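Welcome, and please open the model in your viewer. We will go from stop to stop, with something to select at each one.

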Amino acid sequence: MVCSWGGYTFIINLIPMHVLLCIVTGRYSSRLYVAYAPLVVLGTLLAALVPVVGFNAVLTSEHFASFLVFIILHVVALVYYIKGLLTPRLFKVAMTFVLTVGLALCLAVVAILAALVASSPTKGWSGRSLSLLDPTYASKYIPIIASVSEHQPPTWPSYFMAINVLAFLVPAGIISCFLPLSDASSFLVLYLVTSVYFSGVMVRLMLVLAPAVCILSGIALSEAFNVLTRSMKFQRPISDDTLPTAGDSTPGSSSTATITTSTKNANIKKEKMGTISKERSSKKSRKETELVGSSPVRPEKEEKLCVLPSEASAMGILFLIMLCGLYVIHCVWAAAEAYSAPSIVLTSRSHDGLHVYDDFRESYAWLRHNTEVDDKVASWWDYGYQTTAMANRTVIVDNNTWNNTHIATVGTAMSSPEKGAWEIFNSLDVKYVLVVFGG
């Protein structure tokens with residue numbers, strides 16, 4: 001993830017949040033320690049090997065949450081280990097000592113981290129992260145990011161376009177995750193809540209929301225199908241082969257057999273031990289009778305509480321199947337029309353058919369065939385990657401927005417009069433300028 005996208009910071013903060021939630025809710029286990037501790041150590045070392053990240057893996061504030069939870073996890077693991085070795089009285093003394101040392105260590109780490117980030121005007125956070133945490137930050141301090149359309153907040157129609165009917169299934173999936181709440185379901189709820197917030201800040205982060213929405217909607221559909229099919233199962237007529245026999249149909253036969261068996265067991269115990277009274281054995285036999293007699297009935301009663309009429313169940317199943325089919329059709333249409341249009345080749349439809357505009361590809365081909373290999377090309381940053389890949393020429397700025405000052409310099413040249421633009425482009429050693437215009 002670090003190699004592919006700067007959004008890896010979302011993952012290395014989401015997982016510590018989930019680990020901390022498990023610790024606070026009393027769900028700590030050795031599995032949690034084995035899963036998280038190597039992730040922090042090995043993940044940080046591997047992230048530091050990526051040139052763009054480097055020492056930022058241990059110096060920027062985006063990574064500090066994982067380190068703090070790493071320390072807390074070790075303190076909790078030490079407490080549980082000591083608890084298994086000592087008596088309750090000694091454990092209280094040791095607990096006080098461990099908590100004192102642990103808090104002192106946490107405070108020391110927090111003080112060191114605070115000292116590291118105090119000198120930074122953004123407190124160690126990158127501009128990308130601050131623009132996510134504070135939706136107004138980009139428009140105030142990094143207008144180049146705020147000017148991009150995919151960095152704008154989404155509208156409600158864009159949510160319906162992207163996830164369609166899943167928007168209505170997600171609340172049911174959240175409710176299902178709490179029945180009962182487990183480590184996995186708590187992670188899903190936490191993932192959904194955080195991704196909903198971030199997708200509401202930038203429309204491009206709908207990509208982060210999509211997996212959580214799909215998983216929770218799948219859980220909701222599974223629970224719905226489970227209820228409907230179980231309802232139809234209990235409404236089926238009972239065949240003659242499954243009817244009980246005459247001996248089994250008497251209400252007291254099973255309980256009588258159980259009472260007889262338990263009485264025999266009580267008599268055997270009385271003969272062997274010689275200490276159990278008749279009253280106690282009769283009480284015990286009655287309790288065993290109640291337990292044995294009620295065990296096959298209770299699950300059935302609980303299942304029958306959620307039984308719907310067979311007609312309603314059949315209609316519900318058909319409705320869900322139609323809903324899934326319509327969703328598949330919508331996804332195929334959206335993938336073909338909205339998400340598969342290349343930005344190199346433009347198309348338009350009119351009364352006389354489909355028109356294809358191949359100007360971008362032809363311009364890049366002209367640059368590749370008619371310019372020197374060492375020539376530099378200036379273009380707006382949206383077209384930097386395309387020029388590099390298709391024309392094989394060096395560009396001044398590209399779609400990577402790490403150096404906002406450089407992008408601003410090219411923007412100044414393109415918005416200046418010819419004399420000022422000429423001076424800026426000469427200082428950048430530019431031979432060609434890519435101009436995009438409408439006609």
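Which elements do the buried residues of H21 pack against? Select residues 418-427, which form helix H21, and look at what surrounds them. The buried residues of H21 pack against E3, helix H20 (404-414) and strand E5 (432-433).

**Stop 1: helix H21**

This is a predicted model, and H21 has the highest mean pLDDT among the elements of the protein chain, at 94. Show the side chains of Ala421, Ile424 and Phe425, which are buried in H21. Now look down the axis of the helix: these buried residues fall within an arc of 95°, so they line one face of H21. Turn to the other side of H21, where Lys419, Trp422 and Ser427 are exposed. After H21 comes aspartate 429, which has a positive phi near 60°.

**Stop 2: the whole chain**

Zoom out for a moment. The protein chain has 439 residues, and 32% of them are buried. You can trace 21 helices and five strands. Take the contacts between residues at least 6 apart in sequence: 62% of these join residues at least 24 apart.

If your viewer can colour by pLDDT, try it here. The average over the protein chain is 80, and 80% of the residues score at least 70. At the other end from H21 is helix H13 (residues 246-249), which has the lowest mean pLDDT among the elements, 48. Select residues 246-259, where pLDDT stays under 50 and the model has seven contacts beyond four places in sequence. Residues 287-297 are another stretch with pLDDT under 50, and for them the model also has seven such contacts.

**Stop 3: helix H19**

Next, select residues 384-391, which form helix H19. Which of its residues are buried? They are Gly384, Gln386, Thr387 and Ala391. Seen down the axis of H19, the buried residues fall within an arc of 165°, so they line one face of this helix. They pack against helix H18 (359-370), strand E3 (376-378) and strand E4 (394-395). You have met E3 before, as one of the elements that the buried residues of H21 pack against.

Step past the end of H19 to asparagine 392, in the loop between H19 and E4. Its phi is near 60°, a positive value in a residue other than glycine. Asparagine 392 is exposed, with a relative accessible area of 51%, because the cut-off for exposed is over 50%.

**Stop 4: helices H10 and H11**

Select residues 166-177 for helix H10 and residues 183-201 for helix H11. Two packed helices are described by the angle between their axes and by the distance between those axes. Here the angle is about 145°, and the axes of H10 and H11 are 9 Å apart. H10 passes H11 in a left-handed crossing.

Which residues meet where these helices pack? From H10 come Val170, Ile174 and Cys177, and from H11 come Ser185, Leu188, Val189 and Leu192. By class, this contact has six nonpolar residues, one polar residue and no charged residues.

Now follow the loop between H10 and H11, where you will find proline 180. The peptide bond from leucine 179 to proline 180 is cis, with omega near -10°.

Then go back along the chain to asparagine 164, in the loop between helix H9 (156-163) and H10. This residue has a positive phi too, near 55°. Is asparagine 164 buried or exposed? Its relative accessibility is 9%, so asparagine 164 counts as buried.

**Stop 5: serine 313 and methionine 232**

Select serine 313 in helix H17 (residues 310-337). Serine 313 has 0% relative accessibility and so counts as buried. Beyond its neighbours within four places in sequence, serine 313 is in contact with Leu228, Ser231, Met232 and Leu308.

Move across to methionine 232, which lies in helix H12 (residues 206-234). With a relative accessibility of 33%, methionine 232 counts as partly exposed. Its contacts beyond four places in sequence are Ser310, Ser313, Ala314 and Ile317. The C-alpha atoms of methionine 232 and glutamate 311 are separated by 8.5 Å, while the two residues are 79 apart along the chain.

**Last stop: threonine 9**

Finally, select threonine 9 in helix H1 (residues 8-24). At 18% relative accessibility, threonine 9 counts as buried. Add glutamate 62 to the selection: its C-alpha atom and that of threonine 9 are separated by 6.3 Å, with their positions 53 residues apart along the chain.

How values were computed: Residues numbered from 1 in each chain as written. Heavy atoms only, no water. Helix = DSSP H or I, 4+ residues; strand = E, 2+ residues; numbered from the N terminus. Buried < 20%, exposed > 50% of the residue type's maximum accessible area, 1.4 Å probe, protein only. Contact = heavy atoms within 4.5 Å. pLDDT = per-residue confidence, 0-100. Arc of directions from axis to C-beta. Axes fitted to C-alpha atoms, helices over the stretch in contact; angles between N-to-C directions. Left-handed = near helix turned anticlockwise from the far one by under 90°. Nonpolar A, V, L, I, M, F, W, Y, C, P; charged D, E, K, R; others polar.
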